Amino acid sequence: MPDAVTLEGITKTYDKGKVVAVKDVSFTVKQGELFGLIGPDGAGKSTLFRILTTLLLPDAGVATVAGLDTTRDFRKIRACVGYMPGRFSLYQDLSVAENLNFFATLFDTTVEANYALIRDIYEQIKPFSTRRAGKLSGGMKQKLALCCALVHKPDVLFLDEPTTGVDAVSRKEFWDMLKRLKEQGISILVSTPYMDEANLCERIALIQNGKILSIDTPQQIIRDYPGKLYAVRSGSMHKLLADTRSFPGTASSYAFGQYLHLAFTPGREGSAANLEKYLGERGHSGIEIEEITASVEDRFIQLMGNDR
Amino acid sequence: MKQFLVFVRKEFYHVFRDKRTLLILFGLPIAQVLLFGFALTTEIKNAQIVVVDYSKDVATQQIITRIAASPYFSLDREVLSYADMERAFRRGKIKCAVVFPPHFNEDLLHGHKAQVQIIADASDPNTDRTLSNYLNAIIGEYQHDLNANIPVPYQIKTEITMLYNPEMNGSMNFIPGVIALVLMIACTTLTSVSIVREKEMGTMEVLLVSPFRPLYVILSKAVPYLALSLMNFTIILLLGVFLLDVPIRGNLVLLFAESLFFILSCLSFGLLISSFTSSQQTAMMISMMGMMLPTILFTGFLFPIENMPWPLQVISNIVPAKWYYSIMKTVMLKGLGITAVWKESLVLVGMTCALLAISLKSFKIRLA
């Protein structure tokens with residue numbers, strides 16, 4: 001069995017080389033893997049998806065999908081992958097059932113033939129099957145789009161930011177569905193700007209400004225966080241950010257939920273007590289400093305700092 | 001094949017669920033036909049006219065009275081001289097003038113022959129021709145009455161002078177022109193907009209990442225719009241025949257065959273536009289404005305091509321609508337067959353094939 005997806009030194013520029021979208025990207029998605037591409041908007045995720053789905057030609061590098069070359073064998077790839085673009089890309093003026101039937105026929109199959117695969121998802125939107133797709137809620141739109149991308153039982157599934165603009169409950173449901181699909185042996189490449197979703201993937205690639213920062217399992221990525229990380233808070237958070245940054249031992253300090261996440265410069269890691277004293281001198285009250293385990297986002301921010 | 005049919009059905013869903021498309025498809029032709037048929041009518045009532053009478057005798061008075069009595073003319077006043085008349089023309093106050101030379105009645109009675117000059121403002125050729133025909137008829141009638149009981153007939157020779165546009169190229173027969181215009185705009189706009197909409201909505205991405213060949217995407221776009229355009233063509237023909245009494249003298253099959261080719265060339269244009277635009281608004285603007293102007297200007301149905309400077313005449317040759325219009329006029333109004341229009345038909349077919357080839361070639365099988 002070949003790897004589901006391989007990229008080797010993929011580079012893509014727009015506007016005749018003026019804008020670099022992705023630069024020298026290489027990674028592999030194994031057969032049956034749920035692989036996440038994690039990065040903020042504009043990192044180059046959609047460009048990679050379009051190269052892999054044969055919609056764009058890379059300027060340099062080689063990519064394969066299901067063992068097929070994306071440039072040479074584009075026609076074969078188009079028949080065996082499922083693609084859900086970042087934007088809702090179904091016919092808004094067609095009903096739910098019409099959309100599904102249309103895409104099933106387009107892929108030379110029927111809804112019934114692979115109904116087992118989409119049953120769990122489709123049952124949820126079935127009550128609305130006569131409703132126009134444009135009138136569905138965000139979460140239902142995504143479920144329908146997933147059904148349409150799955151209806152021909154693809155070998156590899158490409159989902160470009162499937163949970164963007166979807167409420168928290170639907171997001172969770174969506175990820176549960178992906179896990180079930182993975183169990184059916186479908187390789188899935190999914191992108192997301194939400195760092196908290198990274199933990200739901202088997203392996204992830206962190207991408208920023210068109211470059212891959214790190215590729216590993218989410219657990220290993222967190223484990224690779226160098227040094228210790230502290231969560232800090234006080235009565236006056238706004239002032240706290242400025243004060244922690246002016247503290248001589250601070251390597252980085254940034255807002256993270258209700259806390260500041262703070263790392264000390266290497267060699268000065270025991271400075272927590274000093275910091276508390278320092279902050280106290282500057283009139284802070286209710287100071288909390290606590291060592292925490294880093295998250296994927298912390299690692300991402302740390303890697304981004306290295307990259308600059 | 002099944003994929004193709006489902007795709008075509010989907011296109012029909014789009015058309016019948018979108019008010020804007022329906023409006024372009026069916027509102028446009030009806031509006032155009034009614035507009036050209038009734039609002040832009042070439043029928044004349046109460047045209048301003050002056051008489052320059054150098055003889056002022058019984059005969060001229062009788063003719064002037066008859067003209068004044070006609071519902072088509074409103075006799076402004078009798079001007080005294082040629083110069084006055086010319087001034088009135090230049091100010092655009094009058095459409096037409098009648099000039100009687102001195103000794104009109106004498107010439108008529110003794111020489112059995114008299115002359116009268118009709119001068120018309122031919123910058124509006126249709127009006128001009130109609131007016132001079134009416135005047136001719138009035139004078140002819142007078143002459144006929146005069147000759148009723150006389151052995152040697154009197155002759156009044158009318159000499160018609162066309163000011164500004166002596167060739168008189170203007171056609172009242174606008175229906176073929178409207179057909180060309182409507183088909184051009186409707187087919188081009190609908191095709192380009194429907195493809196660009198797929199791009200804009202992102203559905204083109206999904207369509208491309210499927211085993212359905214890009215060529216079939218185009219074909220299944222073209223087929224519904226071809227059918228709808230033929231329907232459109234039929235509607236205009238029916239409107240023309242039953243509402244405006246335009247005759248169809250030629251072979252209906254030939255008319256449809258020629259129209260089919262013209263529609264195909266319009267569809268190819270739309271396809272070509274869709275390859276180079278990425279928003280529905282742009283596609284719509286280019287198809288409507290970009291197609292409307294050349295079609296109106298260069299088909300010759302509103303402005304005579306023969307009067308244009310030669311560079312424009314050369315350009316007019318590359319507008320398919322010009323050839324189609326010429327075919328339609330010949331077949332529909334003159335009732336001639338393929339032998340009369342084979343040259344134009346060949347040009348039209350050639351253009352259609354070329355356009356189709358270019359547009360198919362320019363269709364992108366990827367996004368960029």
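Domain bounds, as used here, come from an automatic or database domain assignment. With that settled, here are some exercises to work through on this predicted model.

**Exercise 1. Find the domains of chain A and describe where they meet.**

Step 1. Start with the bounds: the assignment gives domain 1 as 5–218 and domain 2 as 225–307 in chain A.

Step 2. Take the centres over C-alpha atoms; for domain 1 of chain A and domain 2 of chain A they lie 37 Å apart.

Step 3. Count the residues in the contact: domain 1 of chain A gives nine and domain 2 of chain A gives seven.

Step 4. Look for the elements on the domain 1 side. β9 (203–208) and β10 of chain A each supply at least two residues there.

Step 5. Sort that side of domain 1 of chain A by class, and you get six nonpolar, three polar and no charged residues.

Now try the other chain. Chain B is divided into domain 1 (2–40 + 172–362) and domain 2 (47–163), and their C-alpha centres are separated by 46 Å.

**Exercise 2. Work out the strand order of the six-stranded open sheet in chain A.**

Step 1. Follow the pairing from strand to strand. The order is β6-β7-β8-β3-β9-β10 in chain A, and the pairing is mixed.

Step 2. Identify the edges: β6 and β10 (211–216) of chain A each pair on one side only.

Step 3. Check the angle between neighbours. Ignoring direction, neighbouring strands of this sheet are turned by 15° against each other on average.

Step 4. Zoom in on one pair. Four bridges link β6(A) to β7 (residues 156–159) of chain A in the parallel sense, and A:Val81 has A:Val156 in β7(A) as its bridge partner.

Step 5. Add the helix. α5 (residues 138–150) of chain A lies across β6 and β7 of chain A, at about 160° to β6(A).

**Exercise 3. Describe the hairpin of β1(A) and β2(A).**

Step 1. Begin with the strands: β1 (residues 5–14) and β2 (residues 19–29) of chain A run antiparallel and are joined by seven bridges.

Step 2. Pick a facing pair, such as A:Leu7, which stands opposite A:Phe27 in β2(A).

Step 3. Inspect the turn. Four residues lie between the strands, and A:Asp15 has a positive phi near 50°.

**Exercise 4. Is helix α1 of chain A largely enclosed or open?**

Step 1. Recall the cut-off: a residue is buried if 20 or more other C-beta atoms lie within 10 Å of its own.

Step 2. Apply it along α1(A). The buried residues include A:Lys45, A:Arg50, A:Phe49 and A:Leu52.

Step 3. Conclude: eight of the eight residues of α1 (residues 45–52) of chain A are buried, so the helix is largely enclosed by the rest of the structure.

Step 4. Look just past the helix, where A:Thr54 follows with a positive phi near 65°.

**Exercise 5. Is A:Gly267 buried or exposed?**

Step 1. Locate A:Gly267: it lies in the loop between β13 (259–264) and α9 (272–281) of chain A.

Step 2. Count its surroundings. There are 9 other C-beta atoms within 10 Å of A:Gly267.

Step 3. Compare with the cut-off. A residue is exposed at 12 or fewer, so A:Gly267 is exposed.

Step 4. Add a distance for orientation: the C-alpha atoms of A:Gly267 and A:Gly227 are 9.4 Å apart, and the two residues are 40 apart along the chain.

**Exercise 6. Which residues touch the most other members of the largest nonpolar core?**

Step 1. Take the 137 residues of this core; A:Cys147, A:Phe158, A:Ile188 and B:Leu183 touch the most other members.

Step 2. Ask which element gives the largest share. Helix α7 (residues 175–201) of chain B does, with 15 residues.

Step 3. Set this core beside another one lying apart from it, which has 25 residues, among them B:Ile49 and B:Ile94.

Step 4. Return to A:Cys147. Leaving out residues up to four places away in sequence, A:Cys147 touches A:Leu100, A:Ile118, A:Ile121 and A:Tyr122.

**Exercise 7. Characterise the side of chain A that touches chain B.**

Step 1. Count both sides: 23 residues of chain A contact 21 residues of chain B.

Step 2. Name the contributors. α2 (74–80), β6 (81–84) and α3 (96–106) of chain A each supply at least two residues, and the largest share, four residues, comes from α3(A).

Step 3. Classify this side of chain A: 13 residues are nonpolar, four polar and six charged.

Definitions and conventions
Residues numbered from 1 in each chain as written. Chains lettered and ligands numbered in written order. Predicted model: local features only at pLDDT ≥ 70, side-chain atom pairs only at ≥ 80, totals over all residues. Core = buried A, V, L, I, M, F, W, Y, C linked by C-beta atoms within 7 Å. Contact = placed C-beta atoms within 7 Å. Nonpolar A, V, L, I, M, F, W, Y, C, P; charged D, E, K, R; others polar. Pairing = 2+ DSSP bridges. Axes fitted to C-alpha atoms, helices over the stretch in contact; angles between N-to-C directions.
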